[in-house]
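Biologist: I have just opened this one and would like to get my bearings. Could you walk me through it?

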Amino acid sequence: MENRMHRTEIQIYVSPFLIVIFLLMSIFSYAQQIIAKQMPFLEQLPSNEVIDLHQDQNGFIWLGTKNGLGRYDGYQLQTFKSDFNQPHLLTDDFIWCFAEDDNCLLVGTRQGVNLVDKSNYQIRPFPDTEIQNTWINFMLVDSRKELWICTRNQVSHYNSDYSLKKRYGNLIPAVPNNGINSIYEDHFGNIWVCTWGGGLYKYLKNTDTFMSFPTLGVNNNPFKIFQDRDDQYWILTWGDGIYRFHPDATEDKMYTHQEIFNEKLHLPETAFFSVVQDDVYGYIWVFGYHELYAFKVVDGHLEKSGPQLVYVRL
């Protein structure tokens, strides 16, 4: 498979796994057996391709699909999409990503951002018109209630009232296939940006700039950065596997590669895109292109763990 495949193809290919990774947050466990149950409303979704999902502060589940937005309250599914009666309900029905602040759910699409008022579910477009015709790659509301919106190769930083603070244009070279994969806030309030083909960046608050880090692997393509509950950093890449990241180390000791072998394919697993740590056993769950992995951290390295995952179709 081509490592530099378009990011859209990656997200659509892996979208069914997002349902499973959400279910792992609400697991039933007995004797290290984890049971994942299919959500009961999948056939009611506006599309069978789920691109992203989000559980809001009230516990509701929001699902972004290729053809509209779904909200599940534990009993029924409510959908939001533009149609003949409401042709401009959303700026675009292709939902790509979510973020949330105290008042609104932010819905990123191929055509800008929509604000869903959580008190009455009224929808309005984001006030910054410069990004309203732009594909939104990723969004983050940080611990200071400030908003970060990533488009193809630029990051926009906003105050909590959505007024623009600064736009960091051309964070990475605007060449084919380059783009921003994700933005992340760690436990210490640091902001990190992972880019497609452009490497890893850290926001420096004292200079209001982004600092780049040394090349990672062959492709320099970090997809997600993650800090576990012991404050250890891990970088998931598309094409070079997983690395333990030591941000304060010298360049030659900054990245420690983790050997992840796919026993079914008899090949190393090199492409990863999603990670979460559960609150029950502390497993680090990672989705690769071919398989779901559960890891424990042993002496600073990832080791495959032993829970048996059972999928139950209701």
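Modeller: We can go from the overall make-up to the cores, and then to some single residues and pairs.

Biologist: Fine. What kind of model is it, and how many helices and strands are in the chain?

Modeller: It is a predicted model, and the chain contains one helix together with 29 strands.

Biologist: What share of the residues is buried?

Modeller: Of the 314 residues in the chain, 54% are buried. The chain exposes about 15,000 Å², and carbon and sulfur atoms supply 49% of that area.

Biologist: And how much of the contacts comes from residues 24 or more positions apart?

Modeller: If you take the contacts in the chain with a separation of 6 or more, residues 24 or more positions apart account for 45% of them.

Biologist: Let's go inside, then. How many residues does the largest nonpolar core have, and which have the most contacts inside it?

Modeller: The largest nonpolar core has 25 residues, and I225 and F245 are the ones with the most contacts inside it. Several strands each supply at least two residues of this core, among them β16 (191–196), β19 (222–227), β21 (242–245) and β27 (292–298). The largest share, four residues, comes from β20.

Biologist: What does F245 touch?

Modeller: Leaving aside neighbours within four places in sequence, F245 is in contact with W192, L200, F213, I225, Y233, I235, M254 and Y255. There is also a second, separate core of 18 residues, which includes I51, C104, V113 and I131.

Biologist: Why would such side chains end up together?

Modeller: As a general tendency, nonpolar side chains in soluble globular proteins are buried together.

Biologist: Now some polar residues. Where is N221, and is it buried or exposed?

Modeller: N221 sits in the loop between β18 (209–212) and β19, and because its relative accessibility is 3%, under the 20% cut-off, N221 counts as buried.

Biologist: Which residues surround N221?

Modeller: Not counting neighbours within four places in sequence, the contacts of N221 include N181, T195, W196, G197 and L236. With N181 there is a polar contact between the two side chains, at 3.3 Å. As for L236, the C-alpha atoms of N221 and L236 are 8.8 Å apart in space, while the two residues are 15 residues apart in sequence.

Biologist: And N262, where is that one, and what does its side chain reach?

Modeller: N262 belongs to strand β23 (residues 261–262), and at 2% relative accessibility N262 counts as buried. Its side chain reaches the backbone nitrogen of L265 at 3.0 Å, and it also makes a polar contact with the side chain of E291 at 3.3 Å. Setting aside residues up to four places away in sequence, N262 touches L267, P268, E269, H290, E291 and Y293.

Biologist: Changing topic: how many salt bridges are there?

Modeller: The count comes to ten salt bridges. One of them joins the side chains of D102 and K145, at 3.5 Å from N to O. That pair links distant parts of the chain, with D102 in the loop between β7 (95–100) and β8 (104–109), K145 in the loop between β11 (138–141) and β12 (147–150), and their positions 43 residues apart in sequence.

Biologist: How accessible are D102 and K145?

Modeller: D102 has a relative accessible area of 47% and is therefore partly exposed, and K145, at 41%, is partly exposed as well.

Biologist: What does R167 pair with?

Modeller: The side chain of R167 meets that of E130 in a salt bridge, at 3.4 Å from N to O. This pair too links distant parts of the chain, since R167 is in strand β14 (residues 164–168) and E130 is in the loop between β10 (123–125) and β11, 37 residues apart. E130 counts as exposed, at 51% relative accessibility.

Biologist: Which residues join into a salt-bridge network?

Modeller: E146 forms a salt bridge with R144, where the closest N and O atoms are 3.9 Å apart. Salt bridges that share partners then join D142, R144, E146 and K165 into one network. Within it, E146 counts as buried at 14% relative accessibility, whereas R144 is partly exposed, with a relative accessible area of 32%.

Biologist: Last thing: how do β5 and β6 pair?

Modeller: Strand β5 (residues 68–72) and strand β6 (residues 77–80) pair in the antiparallel sense over four bridges, and G70 stands opposite T79 in β6. The hairpin has four residues between the strands, and G74 takes a positive phi near 100 degrees there.

Note on methods
Residues are numbered from 1 along each chain as its sequence is written. This is a predicted model: local features need pLDDT of at least 70, side-chain atom pairs count only at pLDDT 80 or more; totals for chains, interfaces and linings use all residues. Side-chain values use heavy atoms; hydrogens and water are left out. Buried means under 20% relative accessible area, exposed over 50%, partly exposed in between (1.4 Å probe, protein chains only). Contact means heavy atoms within 4.5 Å. Accessible areas come from the Shrake-Rupley method with a 1.4 Å probe; for residues, only the protein chains shown count as cover. Two strands pair if DSSP finds at least two bridges between them. A salt bridge is a side-chain nitrogen of Lys or Arg within 4 Å of a carboxyl oxygen of Asp or Glu. A polar contact is a pair of N or O atoms within 3.5 Å; within protein, one must be able to donate a hydrogen and the other to accept it, and residues adjacent in sequence count only if both atoms are side-chain atoms. A nonpolar core is a set of buried Ala, Val, Leu, Ile, Met, Phe, Trp, Tyr and Cys residues joined through side-chain atoms within 4.5 Å.
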